[in-house]
Structures are given as structure tokens and as C-alpha cells.
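Visitor: Could you walk me through this model and tell me how its labels are earned?
Guide: Gladly; let us have a look together.

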Amino acid sequence: MNQRVIRIFIAITFLVFSQLSRAEATLNVNGLSDKAEDNVEAYLSAIPEKEYSTSLRFQSRVEESIVQAVRALGYYHPELNFTVNEEEQELNVDVKLGDPVVIEKLDIQLSGEAEDDPAFEALIKASKLKKGAQLSHGDYDELKSGLRNLALRRGYFEGDFSVTRLEVAPELNQAFVHLHYESGIRYTFGPTSISGSQIERDRVFSLIPFEQGDPYLASDIGQLNQNLSSTSWFASVYVEPDLSQVGNGKRELPMAIRLSPQSRHQVETGIGYSTDVGIRGSLNWKRPWLNPQGHSFTSSFSLSKPEQEIVMGYKIPLEDVLHEYYRIQYGMKYLDNNDTESFESSLGLERHWQLESGWHRTVFIRLLNEDFTQGIQEDRFTMLLPGISYSKTRSRGGAMPNWGDKQTISFEYGDPAVLSQARVFRVQGRTTWIRSLGRNHRGIFYIGGGANFTESVFDLPPSLRFFAGGDNNLRGYEYESISPKDSEGKLTGAKYMVTTSLEYQYRVHGNWWLATFVDYGDAWNETPEGKTGTGVGIRWASPVGPVRLDFAFGLDVEEGTDKFQLHFGLGPEL
């Protein structure tokens with residue numbers, strides 16, 4: 001019995017060691033580049049590496065995969081030469097592609113109403129399928145599916161191919177492409193029905209980007225969904241055409257909008273950390289809709305060591321409910337930071353428009369009351385400031401756009417003849433640009449600032465003066481630590497400020513980026529003294545938006561001041 005156990009143990013041990021000693025073979029494919037190399041790698045990736053060997057059976061699998069991969073790119077006569085290095089367990093394949101198959105005949109025909117649709121003409125013109133071009137099965141499939149998808153997006157619901165044929169004569173290295181698409185009629189938007197809405201029908205109808213009788217476009221359906229969702233009035237939005245009407249002889253497709261009301265109360269709490277203000281807690285209470293006219297109410301309370309602020313707003317939508325509205329806002333803020341201690345309250349009325357040029361225009365008037373101590377100055381000011389502002393944002397590419405820009409500019413005026421403590425004309429502006437080179441290189445540039453045209457900075461409350469420094473501009477300096485100083489060396493705030501930054505980002509892996517930057521600027525009354533900061537950072541394109549971590553150094557900090565600053569932030573770059 002013992003001998004039998006010993007024999008079994010020896011057999012198992014021999015089997016285990018024989019398996020462990022087997023080395024997986026290495027496969028090397030030579031002679032390819034660019035698309036052919038990528039396609040072959042894609043086909044070979046379907047074979048698990050643990051199955052690699054130097055056997056004839058494995059060579060046959062490799063040959064079949066390589067032939068299929070290069071044939072898809074138009075190479076129908078590849079020559080493969082296998083060599084085996086048994087000592088190193090290597091299988092080498094030398095590939096000669098040979099002459100490619102070229103397109104001899106390109107027969108693409110449209111019939112039906114799509115024949116006169118410029119979108120189809122543009123799609124065919126943009127296709128890589130050209131007479132005399134090298135055949136690619138991928139290009140053929142792409143055009144075929146592109147025609148079908150375009151037809152569905154543009155309302156040709158009865159369309160279909162009558163001919164789809166790709167003929168290849170390998171001995172001639174020629175291909176013959178035949179695609180005949182019969183589109184039928186193009187359907188139009190029919191009458192629209194709305195159900196489940198707690199908002200007046202006229203308000204909901206104003207969100208529809210098309211009219212009855214307009215040609216069908218799937219993008220208009222998407223825009224309608226987005227418009228309805230952007231109001232925050234509805235918990236769910238469902239828009240669909242009645243496709244059961246297709247083929248019944250009628251051109252119009254009835255549209256159905258099914259909605260369900262959003263909760264009347266929404267409460268959000270949050271806690272976070274900012275290097276400028278430390279730990280910050282927040283509480284937001286919203287009422288997305290108050291009545292059938294779609295009025296809404298928002299309030300927010302934020303608490304940190306240097307700042308405590310509460311803001312309440314009431315929004316009254318107008319005929320264009322997304323882009324034209326009135327907003328009444330009241331806020332209170334207490335600030336105790338550096339040499340500033342201030343309690344301010346403000347009441348504002350705003351009128352918003354979306355202009356055809358894409359600019360958002362706001363005309364406003366605000367009443368500001370501020371009780372403060374700034375350096376050695378202690379006072380209480382009241383200012384009535386009418387003004388106007390413009391802003392415009394464009395971007396492409398998601399949370400961390402690969403292209404974008406944002407411009408903002410605002411003007412305000414106060415006068416002692418109308419409730420203000422002093423005469424002042426305020427101008428503020430900022431422009432930000434994002435550009436990318438390929439997938440792995442991004443650049444961000446901004447320049448911004450403001451000016452108070454007034455007799456003396458001491459005629460203004462601290463909230464209207466300028467302070468530089470912090471994660472919004474000069475990152476190598478403490479939060480709002482840069483401004484002129486009074487006779488006791490305390491910050492006074494400035495009449496003018498300009499800051500600029502240039503940042504380069506490099507993708508290291510997936511959604512992770514490294515950044516390096518240089519900041520420059522100043523806040524001054526008489527003559528600017530530029531201050532420079534530089535540093536490096538980490539960027540993460542998280543599901544909730546870009547996360548930033550910066551290690552910044554101030555090159556012109558005063559003696560006794562920390563030259564190193566750490567900044568952490570979450571939020572959009574534009």
C-alpha cells in the first residue's frame with residue numbers, strides 16, 4: 001500500500017514539474033507596419049498566449065489569422081515564411097504582403113428622396129472608397145452602415161439596400177463595389193402630444209426645436225430631450241415618434257412626449273476641502289418648480305473657517321424658458337481672511353438673454369451693503385451698482401475637453417447721486433483657451449483681470465477691491481495675499497489686477513495626466529510689480545469632473561512667507 005502511494009506521489013510530482021518547466025513559446029511577426037501590423041495584432045490577440053507553441057498546428061492557426069487580417073486591408077497574396085528556434089521556443093513569421101487589390105469599379109446609387117439629399121452626397125464623398133484606391137473591407141462596411149444609419153437619422157424609415165455586393169478578382173488584383181440604396185420618402189414631424197406634465201403646455205411646447213411638417217431629424221429629438229431635462233422640472237423625460245405609422249401612406253409621424261414631475265423639494269449636503277479656505281461644508285435646498293409657470297427657488301449655505309455665505313435665488317422663466325428669464329437674488333457673506341473682516345449683504349435683479357451669436361447677456365442691478373475692517377480702515381459702505389455682462393463658452397471632448405474657450409466680460413457703475421458711497425466704473429474680464437495636440441498633449445492658457453476707475457481704493461468696500469493669489473490665479477502664493485499695503489503693512493486691496501497662466505498637460509495613462517505651469521500677475525494701485533509662480537500638478541478626469549492637485553512655488557514671495565503652496569480642486573476647467 002505504501003509503495004502504491006509512493007508511485008502515485010512520484011507520478012504527480014513528475015507531472016507538476018513537467019508542466020512548470022514548459023515554457024510558453026514566443027511569436028514574432030516581421031515585415032509589417034502601420035495598419036497591417038495593427039490589424040494582424042488584433043487578429044492574433046484572439047489566440048491566448050498560453051496556447052502559443054512551435055507546432056505545425058499552431059503555425060496553421062497563425063497563418064489563417066494573418067491571411068484574414070491582411071486580406072481585410074486588400075492584400076490577397078501574402079507570402080508567409082515560418083522559422084522555428086526550438087532552443088529558445090520562438091516562432092518567427094516573415095510576411096511579404098504583395099501587391100494590393102485596388103477598386104476598379106465603384107457603383108454607388110441612391111434612389112428615392114435621398115437622391116436629392118445633400119447629406120447623403122456628403123457622406124459618399126467623404127468615404128475612403130474611391131476608384132483606383134486600395135480596397136479595404138472596413139471602408140466598405142463603414143459606408144454601408146453609414147448609409148443605413150444616416151437614413152434612419154434623417155427619417156427615411158422605409159429605406160433598404162437593393163444591391164450590396166463586393167466582388168474581388170484576386171488574379172487581377174481588382175475589386176468591384178456595388179451599393180444601391182432605395183430610400184423611399186422622408187418622413188416629417190407630425191402633431192405632438194404631451195402627457196404627465198405639471199407645467200403649462202405652452203411652456204413645454206416652447207422647448208420643442210421643430211415644428212409640425214419639418215423634415216424628421218434624430219438630432220432634433222435629442223435636442224428636445226436635452227431641453228426638457230435642462231429645465232429641472234421633470235424627473236423623467238421620454239420622447240418618441242410613432243413609428244407604427246410608417247408605411248401607411250402618411251408622411252407625418254406623430255410625436256409623443258411623456259413626462260413625470262420632479263420632486264418639489266431637493267436637499268443636498270456636501271463636505272470638501274480647498275487649500276484656499278480649508279474644510280468646507282455646504283447645504284443646498286432647491287425647489288425646481290413652484291407653480292405651473294415653472295418658477296423655481298434655490299438656496300445654498302456654505303461654511304468654512306474664513307468664509308460663511310448664504311445665497312437665495314428666485315427664477316422666473318420667460319417665453320424662451322431656457323435662455324430668457326428674470327432672477328432675483330439675495331445673499332449674505334461673512335469673511336475673515338488675512339487683513340479683511342467683512343460682513344456684506346446684497347440684493348440683485350437680473351435679466352438674462354441668449355443671443356443668436358451664442359453670447360449670454362445679463363443686465364443687472366445690485367444693492368450692496370458692507371460693514372468691514374480692511375487693514376487700518378474701518379467703515380460701512382452702501383453701493384447701488386447697475387451693470388451688464390457677456391459670457392460665451394464653447395467646448396468639445398467631455399469633462400476634460402480637447403478643445404474649448406470661454407470669454408467673460410462685465411461692466412458696473414456706481415454714483416453718489418444714486419445711493420452709492422463713491423463714483424466707480426468697474427470692468428472685469430477673462431478669456432480661457434484649451435487646445436490639444438493628438439490624444440496625449442493639452443495646453444491651457446488664460447488671461448484675466450479687472451479695473452476700478454475711481455478716485456481712491458479706500459472709497460470702495462473690500463468686496464469690490466482686488467486681491468491676487470490662490471488656486472484661481474497665482475497658485476504659488478497664499479489665498480488673496482497679494483495687494484498694496486497700508487502704513488502698518490496690512491493689505492488694502494487694489495484698484496487693478498491682471499493675472500495670466502500657461503499650463504501644459506501630458507497624459508501618462510488612461511484618465512491620468514501630469515501638468516506643469518507658469519503663473520504671472522499682480523494686484524496694484526499705481527505701478528504693477530509682476531509676480532511669478534510655477535509648479536507641477538496631477539489631473540484626473542474623474543466621472544464627476546476634473547480633479548486637480550497642484551504643487552506650486554512662488555518665485556517672488558516676501559521674506560518669511562511660505563514659498564510652497566498645495567492646491568486641490570474639483571470642477572470644470574471652463
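Visitor: How far apart do the end C-alpha atoms of residues 27-96 lie, and what are the helix and strand shares of the span?
Guide: They lie 17 Å apart, with 39% helix and 26% strand in the span. Helices (H or I, at least four residues) and strands (E, at least two) are DSSP runs, numbered from the N terminus. An unreviewed UniProt entry places "domain: TamA POTRA" at these residues, 27-96. This is a predicted model in which local features need pLDDT of at least 70, and side-chain atom pairs count only at pLDDT 80 or more, while totals for chains, interfaces and linings use all residues. Residues are numbered from 1 along each chain as its sequence is written, and side-chain values use heavy atoms, leaving out hydrogens and water.

Visitor: Why are H2 and H3 called oblique to each other?
Guide: The axes of H2 (residues 34-44) and H3 (residues 56-71) cross at roughly 135° and come within 9 Å. Angles under 35 degrees count as roughly parallel, over 145 as roughly antiparallel, 65 to 115 as roughly perpendicular and the rest as oblique. H2 and H3 are therefore oblique.

Visitor: Which residues of H2 make the contact with H3?
Guide: Asn-39, Val-40, Tyr-43 and Leu-44 of H2 do, where contact means heavy atoms within 4.5 Å.

Visitor: What is the pLDDT over residues 13-23?
Guide: It stays under 50 there, and the model has 1 contact beyond four places in sequence for residues 13-23. pLDDT, the predictor's confidence in each residue, runs from 0 to 100. The protein averages 92.

Notes. Axes fitted to C-alpha atoms, helices over the stretch in contact; angles between N-to-C directions. UniProt positions renumbered as here; feature names shortened; annotations may be inferred.
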